[in-house]
Amino acid sequence: MNLDPMNMELYRLVLHDAPYVIGAYAILWLALMAYVGLVFRRLMRLEKEVSVLEESFERRGGR
Amino acid sequence: MRQLKIALVLLLIGGVLTTAAFVMAFTTAEMQRFGTVTVPEPIDTAFPLQQVTEAGYTYERPWFSQKIFYFHVPVAEASFLVFAVAAFFSIRFLMKRRKEFDTKARLAMETAIVFVMLTMITGILWTRAAWGVWWEWEPRLTTYFIMTLMMIGYFVLRNSIEDEERRATYGAVFGIIAFINAPISFFITRLIPSSHPVVFQSGFATSNLIPFILGQIGMLMVGYAIYAIRASEERLEERVDVLKDALEG
């Protein structure tokens, strides 16, 4: 992969913008991952709840 | 379960594509330039020397903050598209009066608001880096902010109504009205003078276009995946309610 020469210059010349760019990418990914992680946690909890309830329902139905 | 599996695959592919876009944005993508920088001594740089004056040597300035564009724009466009899906299901609900369309509209609106918030955050950071201020009341930012407030208003409205039928109807009507803001916000930079950059107005180098397209496709996949995962969660919640009712009955 050949680095664009302009990109090479960039890192020397404009470190001023770097914190905002890094911040934008970091917040974006962290927020997305946190949100997806939260939804997954809820999903897992609900799946457990459904299987427990289904078991109870089957037991009751079998009586 | 099948929808959840598809969602997980799309989430994975979306993650790979957006990561590839991220890497390309910082390596192979051509550096954009914006404005000038004047230094007292000549420097060894790939940036073209524009002029030499008493103030010093003026070079074209690299536009590092433009790198935010490779994620900010895909996230923003995903927010518009998911919002359009919410408006579509709101219309479907008003036509058919079926609860599933109201649920789909609400889930799409919830996904859209995640993307809207991320657009706002990345946009604010770009504004600070590029314009030196955290916020400016210019047309794109103002209309997008109004759109954000209306989306928040959608959930406030829904939470304030107890009757399920009325909540769904009012939510659908409000969602459709709120969506009117989306095309206004999208096209406003093309219709009236605005300091917000307009994508594709001045053409795009292939090295910039590839990460942008990858980021766009990846972000849409992530958007659909989030929506589908939330839909699976919703179905499980409904199943829990049905089972609880059956056990109690």
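**Helices, domains and a loop residue in the predicted model**

Chain A contains 2 helices and 0 strands. The model is a predicted one, and within it 14% of the 63 residues of chain A are buried.

Chain B is a good place to look next, starting with its domains. The domain assignment places residues 2–32 together with 65–248 in domain 1 of chain B, while residues 33–62 form domain 2. A distance of 40 Å separates the C-alpha centres of domain 1 and domain 2 of chain B.

Helix α4 of chain B covers residues 139–160. With 22 residues at 1.5 Å a residue, α4 of chain B should span 32 Å, and the 31 Å between its end C-alpha atoms agrees with that expectation. Several side chains deserve a closer look here. The buried residues of α4(B) are R140(B), L141(B), T143(B), Y144(B), M147(B), M151(B) and Y154(B). These buried residues pack against three helices of chain B, namely α3, α5 (164–179) and α6 (181–191).

Helix α3 of chain B, one of those packing partners, also borders a loop of some interest to anyone checking backbone torsions. This loop runs between α2 (69–96) and α3 (99–131) of chain B, and R97(B) is located in it. Although R97(B) is not a glycine, its phi is positive, at about 60°. As for its surroundings, R97(B) has 13 other C-beta atoms within 10 Å and is therefore partly exposed, since a residue counts as exposed at 12 or fewer and as buried at 20 or more.

Terms used
Residues are numbered from 1 along each chain as its sequence is written. Chains are lettered from A and ligands numbered from 1 in the order in which they are written. This is a predicted model: local features need pLDDT of at least 70, side-chain atom pairs count only at pLDDT 80 or more; totals for chains, interfaces and linings use all residues. Domain bounds come from an automatic or database domain assignment. Helices (H or I, at least four residues) and strands (E, at least two) are DSSP runs, numbered from the N terminus. The expected span of a helix is 1.5 Å times one less than its number of residues. Two residues are in contact if their C-beta atoms, placed from the backbone, lie within 7 Å.
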